[in-house]
Amino acid sequence: MRWIKLGAGALNQLPLDWGGNRQRAAAAIGEAREAGVSFLVLPELALSGYGCEDAFHAISTSRHAMESLLDLAEETRGMVVAVGLPVRLYQGLYNAVAFIVDGRVVGFVAKQYLAGDGIHYEPRYFRAWEAGKKAWIDVAGREVPFGDLIFDIGGVRVGAEICEDAWVPDRPGMRLAQAGCDIVANPSASHFALGKWKVRHSIVGEGSRSLAVSYVYANLLGNEAGRVIYDGEAIIAHGGDILARTTRLSFDELNVASAVVDVDLLKMRRARQTSFRIVETGPEAIEVDFDWPDVDEAPTPAMDKFGDWRDGPYIKEEEFARAVSLGLFDYLRKSRAGGFVVSLSGGADSAACATLAGMGFRLAVSEIGFEEADRRLPQLKLDPDCYSGGILDTAYQATANSGAVTRNAAQVLADALGARHSVWDVEAQVQGYRQLVEGTLGRPLTWEHDDITLQNIQARVRAPGIWMLANVRNGLLLTTSNRSEAAVGYATMDGDTAGSLAPIAGIDKYYLRRWLRWMAEVGPQGMGPLPQIAEVLELPPMAELRPGEARQTDEGDLMPYDLLDAIERCAIRDRLAPEDVYATLRSAWAPRVGGEEQLAFFVSRFFRLWCRNQWKRERYAPSFHLDDENLDPKTWCRFPILSSGYAEELQRLSDELPQTHSAGANAQ
């Protein structure tokens with residue numbers, strides 16, 4: 001019987017923040033020590049930050065990381081700590097985890113499978129290490145092993161697989177287990193996506209069962225580098241049972257989970273399991289002297305409850321609210337901006353952006369307290385009695401086509417959020433630009449001949465004033481466009497796309513309206529609903545850019561939003577050609593939209609607008625990655641700006657079901 005107390009840490013780090021990253025890692029070590037932890041795992045690339053991008057190419061980045069490692073080693077007396085950092089060996093850079101035992105760096109394990117898809121670009125910076133290979137590296141004048149290794153630390157065998165290593169079929173963990181590993185560490189930087197935690201639990205929990213090991217999984221937390229949110233769930237599993245987890249989507253800067261395991265119990269299970277194959281040719285075991293501290297606590301039982309908002313059935317709306325609010329809160333504090341600014345139109349998109357911005361403050365205070373939230377945002381004067389903490393400015397910008405309903409909805413929501421709200425009339429600016437262009441053309445602009453032009457100028461004249469307010473406040477202007485609009489270019493560049501951050505560009509309009517209804521009626525656990533938000537749902541989505549008698553609606557300009565999202569998933573996520581999208585959706589959707597010809601028209605419209613508007617998606621403000629339907633061309637969904645526009649494919653679809661309509665939308 002050998003009991004060991006394991007720890008898994010989640011850290012909210014910042015790229016290239018050498019002092020801050022090291023301080024948070026040291027604080028996690030201190031917290032783990034207080035809890036009696038003997039072996040602590042910290043996240044992947046925790047000392048440098050995961051999102052350093054091309055700064056990884058700089059020689060100084062790996063040098064500073066090594067210096068941070070040596071400083072951190074002094075904090076580990078009496079403990080074993082695994083922590084991630086970039087390491088330069090020969091002419092290559094490697095994503096590695098350092099093992100520190102009782103204040104001394106004893107070796108490095110290098111990542112074998114680099115994440116090179118979706119938002120990850122590791123092969124651009126790092127080289128993959130080859131299984132079975134070992135090298136030596138100089139660390140402060142000592143030669144220490146580097147590569148595919150196991151450490152026999154005081155008679156307990158410990159190995160590591162780093163993030164992506166565990167997500168591939170031929171995971172290194174199998175070879176580690178077959179070579180007699182008792183504990184597998186996994187320092188990770190596993191990005192947030194809606195519902196992804198279920199897969200992660202399976203990988204960690206089932207991995208600990210199939211490998212017959214104790215599995216210690218660490219992860220990053222919060223908005224580390226701008227676009228990517230990390231949910232910060234660190235997990236300890238043992239023989240198929242999850243024993244401990246940190247709080248997901250926490251506003252803390254660090255969290256440590258701990259659990260006591262009996263490593264001899266799993267040795268016995270491996271010995272009894274006749275199908276478990278032991279090999280003699282696994283990674284080399286590096287022997288390290290260490291006296292494991294005695295543990296007075298009994299082994300930790302399996303978890304069945306979190307004790308917080310995660311109890312009960314999975315609610316996507318809750319997870320979305322907390323993830324985007326955390327992303328915004330971290331972006332605000334790390335950018336040292338003076339608050340958020342939103343052009344509040346009275347519609348769903350701007351309402352969601354303003355609500356999420358204010359909710360970040362509310363959730364932070366509920367978890368870490370007002371004093372700590374105030375410490376994190378020293379550039380702001382926070383108001384503890386205000387929903388948004390007094391960090392939000394909004395403005396309703398009216399033209400001749402704006403209505404009283406949207407104006408009132410914007411005012412009601414701004415009051416509920418405690419925003420500094422203004423009402424501006426920008427019709428004079430619209431008419432001023434109109435007269436300038438009419439003078440140049442020598443003719444009047446009319447809705448009959450210049451529809452898109454007259455719509456767009458209203459959106460564009462709203463940008464300078466709201467930008468000016470953001471400049472005065474030193475604030476972050478939030479772009480209010482959603483993913484459905486991005487897919488078909490239903491947005492005015494330099495108008496409603498103006499801003500420095502696009503918090504809802506990763507979510508579709510159909511779901512966003514569902515989320516707003518949930519916010520109005522239920523709201524996050526511990527916070528409750530925001531009933532005033534229901535005001536923005538009274539009218540169908542509309543841009544209010546045409547005269548009122550035109551009865552303009554977004555879905556009238558485009559197509560039903562739920563159909564648009566269904567086409568988008570087939571066309572972009574699943575990479576289906578137009579004919580295949582039509583065939584996939586025909587039975588379910590043709591009856592709902594008025595027949596097969598109408599469905600074919602909508603499919604064709606989507607593809608034409610998608611291809612025509614890639615240049616717009618290239619210019620969108622940075623957005624958060626929320627799921628595998630992300631359209632951000634810089635991180636997930638790359639598409640040429642110029643292309644044939646699926647001309648032949650659309651012609652084949654047209655030949656099958658001739659169309660009598662012409663596609664059109666806000667194309668400029």
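The second largest pocket has a volume of about 270 Å³. It is lined by 16 residues, and those nearest its centre are Asp117, His120, Glu164, His191 and Lys196. Six of the lining residues are nonpolar, five polar and five charged. In these classes, Ala, Val, Leu, Ile, Met, Phe, Trp, Tyr, Cys and Pro count as nonpolar, Asp, Glu, Lys and Arg as charged, and the others, Gly among them, as polar.

Before going further, a word on the model and the rules. This is a predicted model, in which local features need pLDDT of at least 70 and side-chain atom pairs count only at pLDDT 80 or more, while totals for chains, interfaces and linings use all residues. Residues are numbered from 1 along each chain as its sequence is written, and side-chain values use heavy atoms, with hydrogens and water left out.

## Pockets and cavities

The search runs on a 1 Å grid over the protein atoms alone: a pocket is an open set of points with protein on both sides within 12 Å along at least five of seven lines, a cavity is a set of points where a 1.4 Å probe fits but cannot get out, and lining residues have an atom within 4 Å of a point. Grid points are joined across faces, edges and corners, and a volume is the space filled by probe spheres set on the points.

The largest pocket holds about 450 Å³ of space. Gly51, Glu53, Ile119, Val228 and Thr635 lie nearest its centre, among 24 lining residues. As for enclosed space, there are two cavities of 30 Å³ or more. For the second largest cavity, the residues nearest the centre are Ala505, Tyr620, Ser623, Leu631 and Asp632. The table sets out the three spaces.

| Space | Volume | Lining residues | Nonpolar, polar, charged residues |
|---|---|---|---|
| Largest pocket | about 450 Å³ | 24 residues | 11 nonpolar, five polar, eight charged |
| Second largest pocket | about 270 Å³ | 16 residues | six nonpolar, five polar, five charged |
| Second largest cavity | about 100 Å³ | 13 residues | seven nonpolar, two polar, four charged |

## Salt bridges

Side chains of opposite charge can pair when their charged atoms come close. Counting a salt bridge as a side-chain nitrogen of Lys or Arg within 4 Å of a carboxyl oxygen of Asp or Glu, the whole structure has 36 of them.

One of these joins glutamate 161 to arginine 171, with N and O 2.5 Å apart. Both residues sit in the loop between strand S9 (156-160) and helix H3 (172-178), so the salt bridge ties together parts that are 10 residues apart in sequence. Helices (H or I, at least four residues) and strands (E, at least two) are DSSP runs, numbered from the N terminus. Glutamate 161 is buried at 0% relative accessibility, and arginine 171 is buried too, at 12%; buried means under 20% relative accessible area, exposed over 50%, and partly exposed in between (1.4 Å probe, protein chains only).

Aspartate 330 and arginine 333 form another salt bridge, their closest N and O atoms 2.7 Å apart. This pair lies within helix H6 (residues 316-335), three residues apart, or about one turn of the helix, and both residues are buried.

Arginine 652 and glutamate 579 also form a salt bridge, at 2.7 Å between the closest N and O atoms. Here the link spans distant parts of the chain, with arginine 652 in helix H20 (residues 647-656) and glutamate 579 in helix H17 (residues 578-593), 73 residues apart. Arginine 652 is partly exposed, with a relative accessible area of 44%.

Elsewhere, a network of salt bridges links Arg483, Asp508, Glu568, Arg573, Asp574, Asp627 and Glu629.

## A parallel sheet

Strands of a sheet pair through backbone hydrogen bonds, either parallel or antiparallel. Four strands form an open sheet here, ordered S19-S18-S17-S20, with parallel pairing; two strands pair if DSSP finds at least two bridges between them. Strands S19 (420-425) and S20 (476-477) are at the edges with a single partner strand each, so one side of each has no neighbour in the sheet. Strand S17 (residues 340-343) is joined to the parallel strand S18 (residues 392-398) by four bridges, and phenylalanine 340 has leucine 392 in S18 as its bridge partner.

## Two strand residues

Leucine 93, in strand S4 (residues 92-101), is buried at 5% relative accessibility. Beyond its neighbours within four places in sequence, leucine 93 has contacts (heavy atoms within 4.5 Å) that include Phe56, Tyr125 and Phe126. Lysine 134, in strand S6 (residues 134-139), is partly exposed at 31%.
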